[in-house]
Amino acid sequence: MIVQRVVLNSRPGVNGNPVAENFRVEEVNLPNNINEGQVQVRTLYLSVDPYMRCRMNEDTGTDYITPWQLSQVVDGGGIGIVEESKHLNFTKGDFVISFYWPWQTKVILDGNGLEKVDPQLVDGHLSYFLGAIGMPGLTSLIGIQEKGHITAGSNQTMVVSGAAGACGSLAGQIGHLMGCSRVVGICGTQEKCLLLTSELGFDAAVNYKKEKVAEKLRELCPAGVDVYFDNVGGDISDTVISQMNRNSHVILCGQISQYNKDVPYPPPLPPAVEAIQKERNITRERFLVLNYKDKFESGILQLSQWFKEGKLKIKETVMNGLENMGAAFQSMMTGGNIGKQIVCISEETSV
């Protein structure tokens, strides 16, 4: 059987901006038979995420993420439907998810690396398992629970950078649900600012491309900042940290502004900002959601419940077709997405 796949065509270089042409589509032959323990699946949705930028380098700079190899199939978060199974846990028609899903239209996978998901948790929106009811949702929820130190009723102010992205758009809402009295988002367009305040429940938003962030934050956070959900790093984060209160907390989710630069993770703060951090006893610890797997099941149930109750609004930017994986990746890295960036490979959910 001939299927399509996406391979890494070239590397952008450790300090380069990724482009769609770093990926290429090719055809490959899929074996007609599967072995014991394997399943053949048809890909429904694939995810593109900021962390993948590290995988484009020869060395990812971390021990838990492996680099993609040139001319080899690319992989990441994916969900699909089982077409044939020789694994005891799966039958034809099951929906399954993996964080190491090859970017292929159909694929044969080891069943031990797959997890079955229940469409009822997402009211049939299967792509949500790659976003709000999946790893980005868990990252936002567990990050806030573990590193935010939010106490309901204590009038805390939260600032979220990258606030219209996959994690940021959820983090602001979760901050309110956990008890923050004020949530302010930072993003890059007026459209995103309006979305945050009109649909996602943010109290205010700052367009960092058009407004002076320091001045605007002083105006919008008159009592200072108690919790900072950091998705971007760089100058924006330096500005936010400079306005944080004593004994406040940075939730270090991501540093997308630094991913095209050859710097350690998390990137060091400038000396003046580091001095503020130490003087005010601001916590800024690396957060890795994979260290909290024992909380995944309860977290998914909580996110699903909030979604079904209408308390958690979910935004996606969807492109169609495997041939657009590279374009979707480039767009996501330059802020072209609102909410989670998803690529739909096949919408047919029956076999």
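**Pockets, a cavity and the cysteines of the predicted model**

Four elements, namely β5 (95–102), β7 (115–116), α2 (135–147) and α8 (296–308), each contribute at least two residues to the lining of the second largest pocket. The structure in which this pocket was found is a predicted model. Among the contributors, α8 gives the most to the lining of the second largest pocket, supplying four residues. The volume of the second largest pocket comes to about 410 Å³, and 18 residues line the second largest pocket, with Ile97, Glu115, Val117, Phe296 and Ile300 lying nearest its centre. When the lining of the second largest pocket is sorted by class, eleven residues are nonpolar, three are polar and four are charged.

The record in UniProt, an unreviewed entry, places the feature "domain: Oxidoreductase N-terminal" at residues 5–117. Over residues 5–117, the chain is 42% strand and 4% helix, and the C-alpha atoms at the two ends of this stretch are 24 Å apart.

Enclosed space was examined as well as open pockets. A search of the whole structure finds one cavity of 30 Å³ or more, and the volume of the largest cavity is about 60 Å³. The lining of the largest cavity is made up of Gly131, Ala132, Ala166, Ser169, Leu170, Lys313, Ile314, Lys315, Glu316, Gly339 and Lys340. By class, the lining of the largest cavity divides into four nonpolar, three polar and four charged residues.

The cysteines were considered next. A disulfide is a covalent bond between the sulfur atoms of two cysteines, and a search of the whole structure finds zero disulfides. Cysteine 180 takes part in no disulfide, and the nearest cysteine sulfur, that of cysteine 221, is 11 Å away. Likewise, cysteine 221 is in no disulfide, the nearest cysteine sulfur being that of cysteine 180, at 11 Å. Because a disulfide is counted where a pair of cysteine sulfur atoms lies within 2.5 Å, the 11 Å between the sulfur of cysteine 180 and that of cysteine 221 leaves this pair outside the cut-off.

As to accessibility, cysteine 180 has a relative accessible area of 5% and is buried, and cysteine 221, at 4% relative accessibility, also counts as buried. Both assignments follow from the cut-off, because buried means under 20% relative accessible area.

How values were computed: Residues numbered from 1 in each chain as written. Predicted model: local features only at pLDDT ≥ 70, side-chain atom pairs only at ≥ 80, totals over all residues. Heavy atoms only, no water. Buried < 20%, exposed > 50% of the residue type's maximum accessible area, 1.4 Å probe, protein only. 1 Å grid on protein atoms, 1.4 Å probe; cavity = no way out; pocket = protein on both sides within 12 Å on 5 of 7 lines; lining within 4 Å. Points joined across faces, edges and corners; volume = space filled by probe spheres on them. Nonpolar A, V, L, I, M, F, W, Y, C, P; charged D, E, K, R; others polar. UniProt positions renumbered as here; feature names shortened; annotations may be inferred.
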